[in-house]
Amino acid sequence: MPQTKSFNVDAFVAGVDTNKDGFMTKEEFKAAGLTDRMFLTPPFCDPDHDEKISKKEMGECKLPEAVDMDKDGKLTKEEMVAFEGTSLGKERGPGEAKPE
């Protein structure tokens, strides 16, 4: 099972939250070139299921270490888009743990 961790998500939120209301919606994820898997699959980055992910929720979401492509501890929109394009990202998505 891949290692998971929380990341500094400031740059990610700034890149995805296009209307700057403090929340990221499925529509904003899709407009950023991302899937909406983090709303739908464990560990659910939207734990209250309100169809939007806050900066706090995103920061608390445990993601595979592999999503941090440059290993700086900070998550960017570009890293998430690139991760979703990898075989690991396509297989499980950033919010999904590997099935045992």
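A residue is called exposed when its relative accessible area is over 50%, buried when that value is under 20%, and partly exposed in between. With that yardstick in hand, here is a look at this predicted model, starting with Lys 56. The relative accessible area of Lys 56 is 59%, so this residue is exposed. Its side chain pairs up with that of Glu 60 in a salt bridge, at 3.0 Å from N to O. Both residues belong to helix α4 and sit four residues apart, which is about one turn of the helix.

That pair has company, as the whole structure turns up four salt bridges. Side chains of opposite charge can pair when their charged atoms come close. Helix α4 appears again in the bridge between Lys 55 and Asp 10, where the closest N and O atoms are 2.7 Å apart. Here the partners come from distant parts of the chain: Lys 55 is in helix α4 (residues 55-60), Asp 10 is in helix α1 (residues 10-16), and 45 residues separate them. Lys 55 has a relative accessibility of 40%, so it counts as partly exposed. Asp 10, at 38%, is partly exposed as well.

Another of these bridges joins Glu 51 and Lys 26, with 3.1 Å between N and O. Glu 51 sits in the loop between α3 (37-40) and β3 (52-54), while Lys 26 is in helix α2 (residues 26-31), so this bridge ties together parts that lie 25 residues apart in sequence. How accessible is each partner: buried, partly exposed or exposed? Glu 51 comes out as partly exposed, because its relative accessibility is 44%. Lys 26, on the other hand, has a relative accessible area of 17% and is therefore buried.

Next come the cysteines. The structure holds one disulfide, and Cys 45 and Cys 61 are the two that form it, with their sulfur atoms 1.9 Å apart. The disulfide links distant parts of the chain, as Cys 45 lies in the loop between α3 and β3 and Cys 61 in the loop between α4 and β4 (63-64), 16 residues away. A disulfide is a covalent bond between the sulfur atoms of two cysteines. Turning about the S-S bond of Cys 45 and Cys 61 gives a torsion of about -50 degrees, so the disulfide is left-handed. Both ends are tucked away: Cys 45 is buried at 1% relative accessibility, and Cys 61 is buried at 5%.

What about the nonpolar residues? The largest nonpolar core has 20 residues, and those with the most contacts inside it are Phe 12, Phe 29, Met 38, Met 58, Leu 63, Leu 75 and Met 80. Two or more core residues come from each of α1, α3 and α5 (77-84), and α1 gives the most, with three. Leu 75 shows how such contacts add up. Leaving out residues up to four places away in sequence, its contacts include Phe 7, Val 9, Phe 12, Met 58, Leu 63, Val 67 and Met 80.

Finally, two lysines stand out for their backbone angles. Lys 20 has a phi near 55 degrees, a positive value in a residue other than glycine. This lysine is in the loop between α1 and β2 (23-25), and its relative accessible area of 56% makes Lys 20 exposed. Lys 71 likewise has a positive phi, about 55 degrees, although it is not a glycine. Its place is the loop between β4 and α5, and Lys 71 is exposed, with a relative accessible area of 59%.

How values were computed
Residues numbered from 1 in each chain as written. Predicted model: local features only at pLDDT ≥ 70, side-chain atom pairs only at ≥ 80, totals over all residues. Heavy atoms only, no water. Buried < 20%, exposed > 50% of the residue type's maximum accessible area, 1.4 Å probe, protein only. Disulfide = S-S within 2.5 Å. Core = buried A, V, L, I, M, F, W, Y, C linked by side-chain atoms within 4.5 Å. Contact = heavy atoms within 4.5 Å.
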